[in-house]
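Work through these exercises with the sequence and the model side by side. Try each task before you read its solution.

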Amino acid sequence: MASSVGLAGRHTGPLPPEAVVFGQTPGMREIRARLDRVASANVSVLIEGESGTGKEVIASLIHARSPWTHGPFVKVNCPAIPATLMESELFGYERGAFTGAVGSKPGRVEMAHRGTLFLDEIGELELSLQAKLLQLLQDGQFCKIGAQEDRKVEVRVVCATNRDLEHEIAEGLFRQDLYYRINVVNLHLPPLRERRADLPQLIAYFIDSYNQAYGRRASLLSPELMQVLHRYHWPGNIRELANLMKRYVILGNEEVVTTELQARREPTFDFDIPPDGKVSLKALTRQATRDVERKVILRVLQVHNWNRRRAAKALSISYRALLYKMRDAEVTAASASFDGTGLAPPVATSYAGD
Ligand SMILES: Nc1ncnc2c1ncn2[C@@H]1O[C@H](COP(=O)(O)OP(=O)(O)OP(=O)(O)O)[C@@H](O)[C@H]1O
Ligand SMILES: [Mg+2]
């Protein structure tokens, strides 16, 4: 599980230069201005944005610019840690707290003392733990499992989510009081399709850094391919672009990119009139409905980290109905990449949250 100390230990590698991170589109300029104002103050920040928009990059930048930059940067990937282990992972335990607790163990909160605690996918945190986190944010105190007394820590808490937390509050899944505490400052990262003007710079950056990393000399892309990339809708955002550029650099030709993008095009319903002129309205309508269903189901599963129970709830259908529809439409993790999401379910949570 990813917890890292200092920026060097970030599992995603070194940060891109700030000129690349922020680009020049108005949405990101606003993010930069806000980040400039809040990085040095110890206030909680909530980073929202679709998958792959750079939430972790921004969290790391906040840490790098904070007065605690030499302190630890501790990441907690909430969906990757089973709910039963989360409390001890976050808050630690004392010796004898439960069977098997032969020694005491610090939690991530304690490990983040005088640094940054980055809670990724905070929407996945159970309600009982949300209460404990609230206490930490209110008075900087927490209690290890099995401890008699509370402890005090100084931590800057940064949270990220790709869910709509206000919707989760309305559903009773997220505490409103905690939401106010983590959302002192809000950074909403725009999807890549809303910052297309930044594409040339991002593409040049990725080609250059993968050339260096893999010892290649791939050249910049042709104007024709650049046009195709400009028109593409980028459902997997910057991560999708980075992966595509990595393949281009390693395999060394533009056809790889062109073919992949063709396969990922959004499926649009179409039909031909056969020579006999007969068209079955019923059959075509059924096919069109299935196409739409498949697309909606894939998107919703992606938003819910492939947790099928949550996805069924979001779609207002039963769990069984969702499984049936997924099988019927052959919706699998593998199909996600062909539908342009480029996102397989996260390994640790694939179907595990159901
Ligand atoms: N502005 C940026 N400039 C350059 N590279 C970026 C930028 N934002 C993100 N990246 C790269 O894109 C990839 C995805 O970024 P990151 O992991 O921060 O996204 P995320 O929003 O946390 O995604 P998820 O919701 O899936 O966890 C990483 O490889 C990261 O280095
Ligand atoms: Mg992330």
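A residue counts as buried if 20 or more other C-beta atoms lie within 10 Å of its own. Keep this cut-off at hand for the tasks on burial. The model is predicted.

**Exercise 1. Find out how covered helix 3 is, and name its buried residues.**

Step 1. Count along the helix. Of the 11 residues in helix 3, 8 are buried, and the helix is mostly covered.
Step 2. Name them. The buried residues are Lys-55, Glu-56, Ile-58, Ala-59, Ser-60, Leu-61, Ile-62 and His-63.
Step 3. Set this beside the whole chain. Buried residues make up 32% of the 354 residues in the protein chain.

**Exercise 2. Describe the shell around ligand 1.**

Step 1. Count the residues. Ligand 1 is surrounded by 17 residues. The closest are Pro-16, Ser-51, Gly-54, Lys-55 and Glu-56.
Step 2. Find the elements behind the shell. Helix 1 (18-22), helix 3 (55-65) and helix 11 (237-251) each give two or more residues.
Step 3. Sort the shell by class. There are 7 nonpolar, 7 polar and 3 charged residues.
Step 4. Assign the shell to domains. Domain 1 (7-190) and domain 2 (196-264) each supply at least three residues.
Step 5. Link back to helix 3. Lys-55 and Glu-56 are among the closest residues to ligand 1, and both are buried in helix 3.

**Exercise 3. Compare the span of helix 11 with the expected value, then locate its buried face.**

Step 1. Take the length. Helix 11 has 15 residues.
Step 2. Compare the spans. From first C-alpha to last, helix 11 reaches 22 Å, close to the 21 Å expected at 1.5 Å a residue.
Step 3. List the buried residues. They are Asn-237, Ile-238, Glu-240, Leu-241, Leu-244, Met-245, Tyr-248 and Val-249.
Step 4. Look down the axis of helix 11. The buried residues fall within an arc of 165°, so they line one face of the helix.
Step 5. Find the packing partners. The buried residues of helix 11 pack against helix 9 (199-214) and helix 12 (254-264).
Step 6. Go past the end. Gly-252 follows helix 11, and its phi is positive, near 75°.

**Exercise 4. Place Glu-121 and Asn-237, and state the sign of phi for each.**

Step 1. Start with Glu-121. Its place is in the loop between strand 5 (115-120) and helix 6 (127-139).
Step 2. Read the angle. Phi of Glu-121 is near 55°, a positive value in a residue other than glycine.
Step 3. Check burial. Glu-121 has 21 other C-beta atoms within 10 Å, so it is buried.
Step 4. Turn to Asn-237. This residue lies in helix 11.
Step 5. Read its angle. Phi of Asn-237 is also positive, near 55°, and Asn-237 is not a glycine.
Step 6. Check burial again. Asn-237 is buried because 22 other C-beta atoms lie within 10 Å.

**Exercise 5. Is Ala-311 buried or exposed, and which residues does it touch?**

Step 1. Locate the residue. Ala-311 is in helix 14 (residues 308-314).
Step 2. Apply the cut-off. Ala-311 has 24 C-beta neighbours inside 10 Å, so it counts as buried.
Step 3. List the contacts. Leaving out residues up to four places away in sequence, Ala-311 touches Val-300, Leu-301, His-304 and Leu-322.
Step 4. Take one pair. Ala-311 and Val-300 are 11 residues apart along the chain, and their C-alpha atoms are separated by 5.9 Å.

Conventions. Residues are numbered from 1 along each chain as its sequence is written. Chains are lettered from A and ligands numbered from 1 in the order in which they are written. This is a predicted model: local features need pLDDT of at least 70, side-chain atom pairs count only at pLDDT 80 or more; totals for chains, interfaces and linings use all residues. A residue is near a molecule or strand if its C-beta atom, placed from the backbone, lies within 6 Å of it. Helices (H or I, at least four residues) and strands (E, at least two) are DSSP runs, numbered from the N terminus. Ala, Val, Leu, Ile, Met, Phe, Trp, Tyr, Cys and Pro count as nonpolar, Asp, Glu, Lys and Arg as charged, and the others, Gly among them, as polar. Domain bounds come from an automatic or database domain assignment. The expected span of a helix is 1.5 Å times one less than its number of residues. A residue is buried if 20 or more other C-beta atoms lie within 10 Å of its own, exposed if 12 or fewer, and partly exposed in between; C-beta atoms are placed from the backbone. The arc is that of the directions from the helix axis to the C-beta atoms. Two residues are in contact if their C-beta atoms, placed from the backbone, lie within 7 Å.
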